[in-house]
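Work through the three exercises below with the structure open. Try each task before reading its solution.

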Amino acid sequence: MIISAFSKYLQNGDLENIANYLAADHSKQSIEIYRNNIQQNLLNSLQNTFPKSLELISDDAFTYLAKKYIAANPATSLDLNNYGLEFPEFLKTLAEINKAPYLPEFALSELYLAKAEDFKLNKLRANINLA
């Protein structure tokens with residue numbers, strides 16, 4: 001129970017099931033460090049997958065959009081290599097995207113290129129391991 005509640009809190013800040021555990025101030029501060037670390041890792045993952053999109057609209061604008069995505073799409077795996085696959089589609093749902101209507105398609109193109117590069121690297125690694 002505590003692990004599930006802790007996981008929900010780390011992903012989205014939901015205090016409902018973990019409130020008793022967090023009654024002590026130092027516990028909440030300690031857990032908040034982990035939560036912030038997870039949020040930063042998810043942001044870094046999106047920045048690494050979409051570096052040209054970030055350059056195209058500015059760091060602040062990208063961070064704003066990425067944080068909205070992170071809040072709506074918590075990671076479901078410890079492997080963040082595939083985190084953000086839905087980011088381009090998510091961008092289409094935001095009213096803010098009217099200022100940069102080209103961004104969802106640009107991000108989708110960038111995602112395809114990143115995944116093609118991952119595929120090439122994985123194939124190369126597999127060939128090296130077979131040799």
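**Exercise 1: a loop residue**

Locate Ser58 and examine its backbone and exposure.

Solution. Ser58 sits in the loop between helix 3 and helix 4; helices are DSSP runs of H or I, at least four residues, numbered from the N terminus. The model is predicted: local features need pLDDT of at least 70, side-chain atom pairs count only at pLDDT 80 or more, and totals for chains, interfaces and linings use all residues. Residues are numbered from 1 along each chain as its sequence is written, and side-chain values use heavy atoms, without hydrogens and water. Next, take phi. Ser58 has a positive phi of about 100 degrees, although it is not a glycine. Most residues other than glycine have a negative phi. Last, exposure. Ser58 has a relative accessible area of 34%. It is therefore partly exposed (buried is under 20%, exposed over 50%, partly exposed in between; 1.4 Å probe, protein chains only).

**Exercise 2: Thr49**

Is Thr49 buried or exposed, and what does it touch?

Solution. Place Thr49 in helix 2. Its relative accessibility is 11%, so Thr49 counts as buried. Now list contacts (heavy atoms within 4.5 Å). Leaving out residues up to four places away in sequence, Thr49 touches Tyr83, Glu110, Leu111 and Ala114.

**Exercise 3: the core**

Which helix supplies the largest share of the largest nonpolar core?

Solution. Start with the core: 22 residues (buried Ala, Val, Leu, Ile, Met, Phe, Trp, Tyr and Cys joined through side-chain atoms within 4.5 Å). Helices 2, 3, 4, 5 and 6 each supply at least two of its residues. Helix 4 gives the largest share, five residues. Leu46, Phe62 and Leu91 have the most contacts inside the core. Beyond its neighbours within four places in sequence, Leu91 contacts Leu65, Ile97, Leu103, Pro104 and Ala107.
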